[in-house]
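Trainee: I would like to go through the terms used for this model and ask what stands behind each of them.
Mentor: Go ahead, one term at a time.

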Amino acid sequence: MMATPATEYFLGWAPAIVPTVSANQGPDAAETFVRALYAEHGRSVLAYATRLTGDRAAAEDVVQETLVRAWKHADDLDQSKGSVRGWLLTVARNLVTDRARARAARPVEVADVVDRPPVERDHSEAVVNTMVVLGALDQVSPEHREVLVELYYRGRSVAEAAKELGVPPGTVKSRTYYALRAVRAVLAGHNGEVAR
Amino acid sequence: MSEHDYSQLGAYALGALDPVESREVDEHLATCAECRAELAELEEMKEFLGEVPPEAFLDGPPDDGDLLLQRTLREVRETPARKSRWKPWLLAAAAVVVVAGVLGGGVLIGRQTVEQADAPVPGSKVVTAADATTGATMTTTVEPREGWAWIKVQITGLKPGDECVMLVTDKAGKTWTAGSWLISDKAAHDGSRFGGGVLVPPDQVKSVEIKTVQGKHVVTTTV
Ligand SMILES: [Zn+2]
């Protein structure tokens, strides 16, 4: 009973949060599933792919392939919003990388290679990285998430964020501090004290 | 900033202070090991935030994307969904490795977690139930997390090769899948342990049921 294999052991910090979504079967389910993902995440994934490829048409191909993969993995994807988006963004990024690599390696066969993307298994760790962080950002308070988005992801200064959010600069600063602590606490699976 | 002022350090770590404030913090940091240690932890989080691209915070469908949606739907209608039992679990396991690494203790933290895992965290509820029909006995521990619950089970009386799914029902009647796993020979003999997280507040967890992937009931504990 003691020496349980690692894969079977529970893991105290795993943030996999998995609500059940009813059976994903048949063309109607496929359509509903893809439409829902597209409506919620389409803009995010397309904008990201467009930045990475520098090309809207190529980015659309990447989004299409990402959504098809999401459908193939529908069972795995019944998760919190942050994690689903993290999954989609990472798969999109990896598709862009794979395609660039394929082009560099075999310029003559680009068309063939692009039609046959590599197997999915290689990207799981990176998928988890983005999923984990986005999942954590979903779990901190909206005020905390908001200051991190403004200061870190939008690159705004404290003064700019204060104006944008309508709070004093001192509040932006202290919220930023507590936001970073909160993210750390969520990642550690505790409320306060975390392992150092 | 002549005294400790942690509240400046978050914005400092993210590079969002103005040059004057930033200089003041620099000067204080030069003389204060405590604040340097605090800053190091905040910068670790900043690196972690870097895993997420800024586009992650855009919502809704793309502009002018209808053709894209239509051709994606065409492709997807012809693509069967692949049934996967193992992937969620693999993702969860990998997530732990990543988190442990980021929090600085790497392997050490991971190992401590496993060793300490037998001691329920404060506020946990532990319930045991047996199923006379299937012969399975399960001890369930509901561990509180911030707004969600971590469910650990220990089950005896399973058969080798059983493919199990953990289902958690909340008080509103919604059922959540908390993961699936395979019973090894050893686990059938010695007892099987498994754990999974659900986005249900700990006091809202009503029951935990184990079923086989084929849909056969194994055992239920009511919390
Ligand atoms: Zn100090």
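**Salt bridges between the chains**

Mentor: This is a predicted model. Start with Arg71(B) and Glu60(A), which form a salt bridge whose closest N and O atoms are 3.2 Å apart.

Trainee: Why is the contact of Arg71(B) with Glu60(A) called a salt bridge?
Mentor: The term asks for a side-chain nitrogen of Lys or Arg within 4 Å of a carboxyl oxygen of Asp or Glu. The closest N and O atoms of Arg71(B) and Glu60(A) are 3.2 Å apart, so the pair qualifies.

Trainee: What makes this a pair that joins two chains?
Mentor: Arg71(B) lies in helix α4 of chain B, whereas Glu60(A) lies in helix α2 (residues 56–72) of chain A, so two chains are joined.

Trainee: Which of the words buried, exposed or partly exposed fits Arg71(B), and which fits Glu60(A)?
Mentor: Buried means under 20% relative accessible area, and exposed means over 50%. Arg71(B) has 23%, so it is partly exposed. Glu60(A) has 14% and therefore counts as buried.

Trainee: How do you know that Arg51(A) forms a salt bridge with Glu55(B)?
Mentor: Their closest N and O atoms are 2.5 Å apart, and the cut-off is 4 Å, so the term applies. This pair also crosses between chains, from helix α1 (residues 26–53) of chain A to the loop between α3 (33–49) and α4 (66–77) of chain B.

Trainee: What makes Arg51(A) partly exposed, and why does Glu55(B) count as buried?
Mentor: Arg51(A) has a relative accessible area of 47%, which falls between the 20% and 50% limits, so it is partly exposed. Glu55(B) has 10%, so it is buried.

Trainee: What is the N to O distance between Lys173(A) and Glu21(B), and where do the two residues lie?
Mentor: The distance is 2.5 Å, and the side chains meet in a salt bridge. The pair crosses from helix α8 (residues 169–188) of chain A to helix α2 (residues 19–31) of chain B.

Trainee: Are Lys173(A) and Glu21(B) buried or exposed?
Mentor: Lys173(A) has 12% relative accessibility, so it counts as buried. Glu21(B), at 18%, is also under 20% and therefore buried.

Trainee: How many salt bridges does the structure hold?
Mentor: There are 18 over all chains. A network of them links Arg181(A), Arg184(A), Glu38(B), Glu41(B) and Glu44(B).

Trainee: Why are β7(B) and β8(B) called paired strands?
Mentor: Pairing needs at least two bridges. Here 5 bridges join the antiparallel strands, so they pair.

Note on methods. Residues are numbered from 1 along each chain as its sequence is written. Chains are lettered from A and ligands numbered from 1 in the order in which they are written. This is a predicted model: local features need pLDDT of at least 70, side-chain atom pairs count only at pLDDT 80 or more; totals for chains, interfaces and linings use all residues. Side-chain values use heavy atoms; hydrogens and water are left out. Helices (H or I, at least four residues) and strands (E, at least two) are DSSP runs, numbered from the N terminus. Buried means under 20% relative accessible area, exposed over 50%, partly exposed in between (1.4 Å probe, protein chains only).
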